[in-house]
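Me: Could you take a close look at one part of this protein for me? I'm in my first year, so please keep it friendly and walk me through it step by step.

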Amino acid sequence: MESFNQVILSGVVNGHALLAKTSNGTSAIFEVETTQMYRRDGEKAFEPEIHVVKMKDAGTIAKYLTDGKPILVVGRLKPSMGTAYVNALHISFPDRRMS
């Protein structure tokens, strides 16, 4: 059986990105906040979830990684020292009016 590792996050940028200059360009570490909606006693309840995202060669998109900006991230889940982060392969910034 073949395996498949893909993560798709649709949410908003939480805070500001940490940028680091490397020999390959600029890398970024940032958080994406998603909201899980469920029903509790017949009422809608919302639970925010924070996801750490890392992206290599992020120089061209770094200026757009601002707090509250809608974002769509496609990547892979990567384990790291007892936790995990999303290794971003593609990022887009959907128009907020489309939601």
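Reply: Here's a walk along one strand, its partner and the loop between them. Keep in mind that this is a predicted model.

Let's start with the strand itself. Strand β2 covers residues 25-40, and Ile29 sits in it. Is Ile29 buried, exposed or something in between? Its relative accessible area is 36%, so Ile29 counts as partly exposed, because that label covers whatever falls between under 20% (buried) and over 50% (exposed). Ile29 also has company out there: together with Leu18 and Val52, Ile29 makes a nonpolar surface patch of about 250 Å².

Val52 turns up again when you look at how the strands pair. Val52 is in β3, and its bridge partner is Glu31. That's one piece of how β2 and β3 go together: the two strands run antiparallel, joined by 13 bridges.

Now follow the chain from β2 towards β3, which spans 43-55. In the loop between these two strands you'll find Gly42. Gly42 has 54% relative accessibility, so it counts as exposed; the cut-off for that is over 50%. If you want a feel for distances, try Asp95: it is 53 residues from Gly42 along the chain, and their C-alpha atoms are 32 Å apart.

Finally, zoom out a bit. β2 and β3 belong to a closed barrel of 5 strands, which goes round in the order β1-β2-β3-β5-β4 with mixed pairing. On average, neighbouring strands in this sheet are turned by 45 degrees against each other, ignoring direction.

Key. Residues are numbered from 1 along each chain as its sequence is written. This is a predicted model: local features need pLDDT of at least 70, side-chain atom pairs count only at pLDDT 80 or more; totals for chains, interfaces and linings use all residues. Side-chain values use heavy atoms; hydrogens and water are left out. Patches are made of residues with over 30% relative accessible area and no salt bridge: like charges are joined within 9 Å, nonpolar side chains (Val, Leu, Ile, Met, Phe, Trp, Tyr) within 5 Å. Accessible areas come from the Shrake-Rupley method with a 1.4 Å probe; for residues, only the protein chains shown count as cover. A salt bridge is a side-chain nitrogen of Lys or Arg within 4 Å of a carboxyl oxygen of Asp or Glu. Helices (H or I, at least four residues) and strands (E, at least two) are DSSP runs, numbered from the N terminus. Buried means under 20% relative accessible area, exposed over 50%, partly exposed in between (1.4 Å probe, protein chains only). Two strands pair if DSSP finds at least two bridges between them. Axes are lines fitted to C-alpha atoms, for helices over the stretch in contact, and angles run from 0 to 180 degrees between N-to-C directions.
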